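Q: Please take a close look at one part of this structure, the sheet. Add the residues with unusual backbone angles as well.

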Amino acid sequence: MSTQTVETDIKVHRIQVVNRNQEYLCRDDKSLLVGMELQNTQAIEVGCRGGGCGMCKIRILDGEFEKKRMSRAHVSEAEEGEGFALACRILPRGDMVIESDHFEPAQ
Ligand code: FES
């Protein structure tokens, strides 16, 4: 039996959550939300973790990122243009500055 070596090239980025005055480190293969949970930090509200509930809505103020599909029910095209996003659908590609607590329950 042979041992298989798995090469990993995972980068870690610093995520600053300005409105909560907190920061944490997030791997680039994890979403901002899961990365936060792995660090036992509570800087973003956690819900479904799958882009469906809108609880983790944030505004991205600075930084590079990769965006997965997001529900238009929670982030409109106009909002997306203003930097709003769902933290469970964003993967960091550099250090980021964000603002959490943008979830608005449906009326
Ligand atoms: S946790 Fe539900 S949309 Fe992100």
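A: What follows covers the sheet, then two backbone angles.

This is a predicted model: local features need pLDDT of at least 70, side-chain atom pairs count only at pLDDT 80 or more, and totals for chains, interfaces and linings use all residues. Residues are numbered from 1 along each chain as its sequence is written.

Start with the sheet. It is open and has 5 strands, in the order β2-β1-β7-β3-β5. The pairing is mixed. Strands here are DSSP runs of E with at least two residues, helices are runs of H or I with at least four, and both are numbered from the N terminus. Two strands pair if DSSP finds at least two bridges between them. β2 (22–27) and β5 (84–86) stand at the edges. Each has a single partner strand, so one side of each lacks a neighbour in the sheet. Neighbouring strands are turned by 40 degrees against each other on average, direction ignored. The strand axes are lines fitted to C-alpha atoms, and angles between N-to-C directions run from 0 to 180 degrees.

Now one pair. β1 (residues 12–17) and β7 (residues 96–99) run parallel, joined by 3 bridges. V17 stands opposite I98 in β7.

Next, the angles. Most residues other than glycine have a negative phi. N40 is not a glycine, yet its phi is positive, about 55 degrees. N40 sits in the loop between α1 (32–38) and β3 (57–62). N40 counts as exposed because it has 7 C-beta neighbours inside 10 Å. The cut-offs are 12 or fewer other C-beta atoms within 10 Å for exposed, 20 or more for buried, and partly exposed in between, with C-beta atoms placed from the backbone. D101, also not glycine, has a positive phi near 70 degrees. D101 lies in the segment after β7. With 14 other C-beta atoms within 10 Å, D101 is partly exposed.
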